[in-house]
Amino acid sequence: MMSNIGSYEQRLKNFDWSVSEQELGYKKGDPINIGWYCSDRICKMGKGSKMALIWEDFKGNNKYYTYDDIRTYSNTFADYFLKLGLKPGERICIFMDRVPELYISFLGILKMGGIAQPLFSAFGEESLLTRLENAKTSAILTQLKHVSKVRRILKQIPHLRHIIVVDAGTTALKEREIPFNMEETTRVDKFEYYKTFADTPSVLHYTSGTTGQPKGAQHVHYSLISQYLTTKWVLDLQPDDIYWCTADPGWVTGTSYGIIGPWSNGVTQAVLDSGFSSDRWYAFIEKHKITVWYSAPTAIRLLMRDGTEIVKKHDLSSLRHLCSVGEPLNAEAVLWSKEAFGKPFHDTFWQTETGSMVITNYPGMNIKPGSMGKPFPGITATVLDPISFKPIAQPGKVGLIALKPGWPSMFRTYWNNQAIYDSKFKNDWYICGDRASIDPDGYFWFVGRDDDVINTGGHLVGPFEIESALLEHPAVAESAAIGKPDPINMEVVKAFVALKPDYEPNDDLELEIMNFIRKKLSPLAMPQEIAFVKSLPKTRSGKIMRRLLRAQEWNEPIGDISTLEND
Ligand code: PRX
């Protein structure tokens with residue numbers, strides 16, 4: 001089958017984003033609304049009865065939704081939000097497992113001009129509080145199983161006017177809570193979407209940095225232009241594909257490529273609302289005849305660990321194209337996937353902030369296992385010298401990955417934090433915060449992060465958030481969190497803790513602190529190991545030197561420690 005991108009060199013020549021605008025029938029200055037593009041437009045093209053969503057729960061039960069279903073159900077959500085008194089521009093949080101209501105309400109929020117704020121449903125109350133407080137969120141959509149976390153923080157977030165419970169049934173609800181059942185509400189067939197334009201805010205995704213609490217990367221409706229085209233050219237979605245993106249929409253992959261990309265292309269997508277198991281995943285591919293699969297290196301390493309025997313028990317011949325994102329895809333994983341599935345995983349690199357893929361391996365392109373590939377057409381990417389912030393001319397030399405601002409899905413600011421947004425730019429380049437080199441053929445090779453952010457299983461966790469939560473435990477006097485190497489998750493969290501005078505280190509206390517973090521933040525942020533120490537290395541100005549702890553953990557050179565406190 002001919003891929004959508006055809007020849008990369010041809011596409012690169014004279015590339016202009018207007019290719020995407022034309023395909024979408026969008027002209028500069030027109031209104032543009034992602035919710036409308038992902039449902040109404042596809043129906044207008046005569047595909048209303050086409051399957052948009054095949055959903056499966058952990059027990060293997062299925063639900064099916066056509067494009068006309070997602071159009072009318074998202075209208076129903078949009079109409080309901082307006083009737084509640086929610087206004088365009090207000091932040092509406094989606095705090096749900098991967099149930100159909102998550103995907104469909106996302107479109108509904110966008111249709112009424114709201115800003116969708118998806119949050120990972122495994123977040124504990126502290127993680128939730130930080131993000132709802134920062135965004136001054138007006139409403140949250142959730143399930144009964146998660147509502148207690150919202151109840152516990154309710155007093156601290158007076159701006160949260162509505163807690164919409166999508167599966168309340170006959171259960172009695174409490175203060176500010178209201179039931180809304182998507183399928184039992186009269187469907188709204190016609191809804192005039194709020195006239196959003198290219199620069200109207202659409203989605204707010206929180207992401208972690210080295211310092212301070214997580215920041216909300218704010219996207220706009222024009223992001224569709226890159227998300228649509230990268231989906232078409234890199235994921236190579238074609239009309240008959242059945243596509244599976246394994247990411248949760250609490251993270252950017254799950255919205256850009258788990259909602260907007262496939263649905264704006266009018267493709268059928270399948271969602272599995274269940275945890276990981278190799279057998280379960282293969283059975284899902286076999287049952288729904290998945291053709292295009294977008295996943296992450298940690299999942300691929302877990303599949304590798306379980307071996308090829310289990311692969312042979314399933315008919316996976318429907319698979320046509322495989323892609324990966326979130327962490328370095330090691331060469332072994334690419335080679336293994338060729339052996340196991342007869343096809344390589346194609347690595348793609350991007351970030352919450354970039355909104356869409358920026359460096360990728362295209363279908364048909366020669367893959368160099370271990371490389372992230374080349375910039376997508378329309379993306380100017382380079383590596384910069386870390387001191388002069390000038391592009392490095394010499395192939396193979398490591399520098400900071402940097403992008404020329406201006407692609408359609410670039411984030412527009414960090415919510416309420418313009419200063420940190422501004423600090424991400426040097427010499428008119430956007431600095432990603434990662435290190436890489438470029439080989440003589442123009443392929444990018446990832447080296448590592450350029451900051452203290454921990455990447456565990458493809459999810460970024462901020463050390464500051466963990467350290468702040470640790471300090472809330474009565475036994476903890478000082479703390480530092482770093483990533484330690486892990487064969488499956490690439491990194492897991494390791495915490496260094498100095499105890500208050502009345503406490504003694506022991507296994508029970510270690511377990512108690514781990515669980516404390518799991519409940520407050522999330523299972524991802526939970527330290528897998530706690531090292532009890534007398535004190536932590538600090539600079540003379542009192543800042544904890546995580547860099548030193550990390551270098552010791554990774555057996556790397558310690559570097560300049562001239563600012564280390566020496567008393
Ligand atoms: O460090 C890079 C790593 O994940 C970071 C972005 O994380 P996030 O904003 O959560 O978005 C993840 C999904 C788009 C990057 O700065 N990363 C992402 N993709 C790759 C990667 N590291 C190596 N190789 C990749 N392909």
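**A tour of the ligand shell and the two domains**

Select α10 (252–264), β14 (345–349) and β22 (444–449): each of these elements supplies at least two residues of the shell around the ligand. The model in the viewer is predicted. Of the elements in the chain, keep β14 highlighted, since three residues of the shell, the largest share, come from this strand.

Next, show every residue with a heavy atom within 4 Å of the ligand. The selection should hold 19 residues, and the closest are Asp347, Thr348, Thr352, Asp434 and Arg449. Colour the shell by residue class: eight of its residues are nonpolar, seven are polar and four are charged.

Now go through the polar contacts one at a time.

- Asp347: an N or O atom in its side chain is 2.8 Å from a nitrogen atom of the ligand.
- Arg449: look for a polar side-chain atom 2.9 Å from an oxygen atom of the ligand.
- Gly326: here a polar backbone atom is the partner, 3.2 Å from a nitrogen atom of the ligand.

With these contacts on screen, add a surface for the protein. On its own the ligand has 540 Å² of accessible area, and the protein covers 97% of that.

Zoom out to the whole chain and colour it by domain. The domain assignment gives domain 1 as 8–435 and domain 2 as 454–554. Place a marker at the C-alpha centre of each domain; the two centres lie 29 Å apart.

Finally, select the interface between the domains. On one side are 25 residues of domain 1, in contact with 23 residues of domain 2. The area buried between the two domains is about 1,800 Å², and carbon and sulfur atoms give 55% of it.

Definitions and conventions: Residues numbered from 1 in each chain as written. Predicted model: local features only at pLDDT ≥ 70, side-chain atom pairs only at ≥ 80, totals over all residues. Heavy atoms only, no water. Polar contact = N/O pair within 3.5 Å; in protein donor to acceptor, adjacent residues only side chain to side chain. Areas by Shrake-Rupley, 256 points an atom, 1.4 Å probe, with all protein chains shown as cover. Helix = DSSP H or I, 4+ residues; strand = E, 2+ residues; numbered from the N terminus. Nonpolar A, V, L, I, M, F, W, Y, C, P; charged D, E, K, R; others polar. Domains from an automatic or database assignment. Contact = heavy atoms within 4.5 Å. Buried area = accessible area lost by both parts, 1.4 Å probe.
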